[in-house]
Amino acid sequence: MGTYDNLSACSVRRASRKDLNEIQGIELKSFNYPYSKLMFLTLLVMFPELFLVVVCDNKVVGYVTGAITKEGYCHLFSIAVDPSYRGKGLGGKLLRAFEEVCLSKKVKKVILEVSVINEVALNLYKKHGYRVVKTIPNYYPDSDAYLMEKDLNS
Ligand SMILES: CC(C)(COP(=O)(O)OP(=O)(O)OC[C@H]1O[C@@H](n2cnc3c(N)ncnc32)[C@H](O)[C@@H]1OP(=O)(O)O)[C@@H](O)C(=O)NCCC(=O)NCCS
């Protein structure tokens with residue numbers, strides 16, 4: 001659980017290139033198989049509206065990134081919060097902000113993949129109304145994934 005207690009000092013905004021070092025720092029602390037900085041830069045250039053950060057006291061402490069697919073869904077690629085700031089609602093805040101951007105683009109569905117062994121993320125998504133559609137074998141180097149989706153109308 002986190003040690004940070006002043007959530008009123010935290011807000012969500014679009015990511016910028018200047019944030020990429022901090023985003024990459026969070027990434028390295030959060031995943032065994034992190035995205036590269038080049039991958040983040042590519043996502044920022046291609047889908048700037050869907051690349052959001054949460055900032056507390058001028059420090060970037062979490063991000064969410066995704067794309068709009070050719071089928072017209074929002075595809076959430078990755079979300080992470082700095083370990084010292086977890087368990088305070090910031091993951092949920094980022095997820096809701098991401099969904100709001102999708103709705104503002106008239107997109108009605110969010111899809112994502114999550115490792116079947118990532119209980120914290122599964123809890124986060126289930127709490128926010130996502131359901132498991134199917135299992136994708138060997139999606140990650142070390143585990144299967146669930147494909148999850150949320151209908152934003154409901
Ligand atoms: C997943 C992650 C983004 C959640 O961020 P967070 O800021 O801690 O999330 P929140 O504080 O908004 O918590 C929302 C819900 O997640 C679940 N959750 C959070 N921390 C948890 C923990 N330690 N154990 C179990 N469930 C937990 C709970 O359901 C929680 O709701 P609750 O507080 O009402 O119980 C964060 O843990 C993280 O960065 N993990 C590493 C990266 C990762 O796995 N990303 C997901 C990739 S698909």
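Is K106 buried or exposed, counted by the other C-beta atoms within 10 Å? K106 is exposed, because 7 other C-beta atoms lie within 10 Å, where a count of 12 or fewer is the criterion. The legends below describe close-up views of a predicted model.

**Figure 1. The loop residue K106 has a positive phi.** K106 is located in the loop that links α3 and β5. Its phi is near 65°, a positive value in a residue other than glycine. Most residues other than glycine have a negative phi.

**Figure 2. N138 in strand β6 also takes a positive phi.** The phi of N138 is about 55°, although N138 is not a glycine. N138 belongs to strand β6, which spans residues 131–140 and is an edge strand of the sheet. N138 counts as exposed, because 9 C-beta neighbours lie inside 10 Å.

**Figure 3. Seven strands form an open sheet with mixed pairing.** The strand order is β1-β2-β3-β4-β5-β7-β6. At the edges are β1 (10–14) and β6 (131–140), each of which pairs on one side only. Neighbouring strands of this sheet are turned against each other by 25° on average, direction ignored. Helix α1 (residues 20–30) packs on the sheet and touches β2 (52–56), β3 (59–68) and β4. The direction of α1 makes about 85° with that of β3. Strands of a sheet pair through backbone hydrogen bonds, either parallel or antiparallel.

**Figure 4. Strands β3 and β4 form an antiparallel hairpin.** Seven bridges join β3 to β4. V64 has I79 of β4 as its bridge partner. Five residues lie between the two strands of the hairpin. In this hairpin G72 adopts a positive phi near 90°.

**Figure 5. Strand β4 is parallel to β5 and largely enclosed by the rest of the structure.** Three bridges connect β4 and β5 in the parallel sense. Across this pairing, H75 stands opposite I111 in β5. Why is β4 described as largely enclosed? Six of its eight residues are buried, so the rest of the structure largely encloses the strand.

**Figure 6. A80 is a buried residue of strand β4.** A80 lies in β4. It counts as buried because 23 C-beta neighbours are found inside 10 Å, and the criterion is 20 or more. Leaving aside residues up to four places away in sequence, A80 touches I26, E27, S30, G62 and Y63. G62 is 18 residues from A80 along the chain, and the C-alpha atoms of the two are separated by 5.5 Å.

**Figure 7. N21 is an exposed residue of helix α1.** N21 is placed in α1, the helix that packs on the sheet. N21 counts as exposed, because it has 11 C-beta neighbours inside 10 Å. The C-alpha atoms of N21 and V60 are separated by 9.6 Å. Along the chain, these two residues are 39 residues apart.

**Figure 8. Strands β5 and β7 pair in the antiparallel sense.** Strand β5 covers residues 109–115 and β7 covers residues 143–151. Seven bridges join the two strands. One of the residue pairs is S115 with its bridge partner A145 in β7.

**Figure 9. Twenty residues surround the ligand.** The closest are R86, G91, G92, N123 and L124. Which elements each supply at least two residues of the shell around the ligand? They are β4 (74–81), α3 (90–104) and α4 (119–127). The largest share, six residues, comes from α4. By class, the shell has eight nonpolar, eight polar and four charged residues.

**Figure 10. Two UniProt annotations can be placed on the chain.** In an unreviewed entry, UniProt assigns the annotation "domain: N-acetyltransferase" to residues 10–153. Over residues 10–153 the model is 31% helix and 38% strand. The end C-alpha atoms of this stretch are 27 Å apart. The UniProt record, also unreviewed, lists residues 38–56 under "transmembrane region". In the model, residues 38–56 are 47% helix and 26% strand, and the end C-alpha atoms are 25 Å apart.

Notes. Residues numbered from 1 in each chain as written. Predicted model: local features only at pLDDT ≥ 70, side-chain atom pairs only at ≥ 80, totals over all residues. Near = placed C-beta within 6 Å. Helix = DSSP H or I, 4+ residues; strand = E, 2+ residues; numbered from the N terminus. Nonpolar A, V, L, I, M, F, W, Y, C, P; charged D, E, K, R; others polar. Pairing = 2+ DSSP bridges. Axes fitted to C-alpha atoms, helices over the stretch in contact; angles between N-to-C directions. Contact = placed C-beta atoms within 7 Å. UniProt positions renumbered as here; feature names shortened; annotations may be inferred.
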